[in-house]
Amino acid sequence: MVKLNGVVVRVPGKVNLHLGVGPLDPDGYHEVTTVFQAISLYDDVTIKHGEPGQGIVLTLSGSTSMGVPVDSSNLAFRAAELMTDRYDLSKDLSIHLKKEIPVAGGMAGGSADAAGVLVGIDALFDVGLSRDEMERIAAELGSDVPFSISGGICIGTGRGDRITPALSRGTYHWVLALSGHGLSTPAVYGECDRLREGMPIARPQVSEAMMQSLRAGDPKAVGKALANDLQAAACSLRPALRLVLDVGLEYGALGGIVSGSGPTVAFLVDDEEKALDLTVALSASGVVSGVIRANGPTHGARVVETL
Ligand code: C5P
């Protein structure tokens, strides 16, 4: 076995096609039922052996890296600490994140980086973790990290961390309307609780309409079935998102939804041509800070280069 000097792991962002949120549990989390789709917007995580004694050194580049911390407040840093502690590996590691997934955008950008570190360290040291072990350690870091490892289209239950692949056909074309400033996930969940105070809240269910539409590979039906219990909360904290949703639907999207806890709004469209039209319309509307096109589903965290 040749010892590797380093690895590059490519990890996708995600959209939630469905996000059902149950009541607040005593542990501070909500039981959710969600449908994740990995999309072709990636962060690249490069991990190399460092100099003896340097410890974990995190560096950043890429269009969405501004203001991202490089200490233990970064989930990727914590992922490296967790892996090296648990498997008794050297902490002298240089980790570079090339970021394209929006930060605090509801697209699991931080989770993607943590997933990339887990997969990268596993490969670099030839740890040989099984998929189950990898998902368990991922769930300790955050609710979306297991999905970032698996990719594809999955149903998430529990905190969203228990994932099962979903049957699905076809390729889905997305136009993503970005916001200049992120939204904090705990703040959006908190606003959701506030808006629903005093209401009976059912346990979240898998959306049959969504599952059927995916099995049929029918983007129009998927567009109609898009649903997110956090959308009202994200719009309450960021009222401009309602305008973004209106503009996208007016310009022919099959459906539009706040992704996860937002503020990214994901629009599903028929094909590449419609995606381009909607990109132009949204950019011209002045209600968004940026627009990105992506397709899904795509792969999860995987090694794309060895060094
Ligand atoms: O799991 P993660 O660290 O990504 O979650 C961030 C925060 O989002 C949690 O501290 C909690 O406030 C909220 N959350 C929740 N229910 C979930 C997932 C996240 O309330 N299922």
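**Notebook: the domain 1 / domain 2 interface**

I started with the domain assignment, automatic or from a database, which splits the chain into domain 1 (6-166 + 297-306) and domain 2 (172-295). Note to self: this is a predicted model, where local features need pLDDT of at least 70, side-chain atom pairs count only at pLDDT 80 or more, and totals for chains, interfaces and linings use all residues. Residues are numbered from 1 along each chain as its sequence is written, and side-chain values use heavy atoms, with hydrogens and water left out.

Next I looked up the spacing: the C-alpha centres of the two domains are 23 Å apart. For contacts (heavy atoms within 4.5 Å), I got 31 residues of domain 1 against 36 of domain 2.

Then I checked buried area, meaning the accessible area (1.4 Å probe) that two parts lose on being put together, summed over both. The two domains bury about 2,600 Å² between them, with 63% of that on carbon and sulfur atoms. Leu17, Leu19 and Val21 supply 22% of what domain 1 buries against domain 2, more than any other three residues.

How many salt bridges cross the interface? I used the rule of a Lys or Arg side-chain nitrogen within 4 Å of an Asp or Glu carboxyl oxygen, and it finds 1 across the interface. I also noted a salt bridge between the side chains of glutamate 31 and arginine 203, at 2.7 Å, N to O.

Last, I asked which strand gives the largest share of the domain 1 side that touches domain 2. Strand 1 does, with 11 residues; strands here are DSSP runs (E, at least two residues), numbered from the N terminus.

Conventions: Helices (H or I, at least four residues) and strands (E, at least two) are DSSP runs, numbered from the N terminus.
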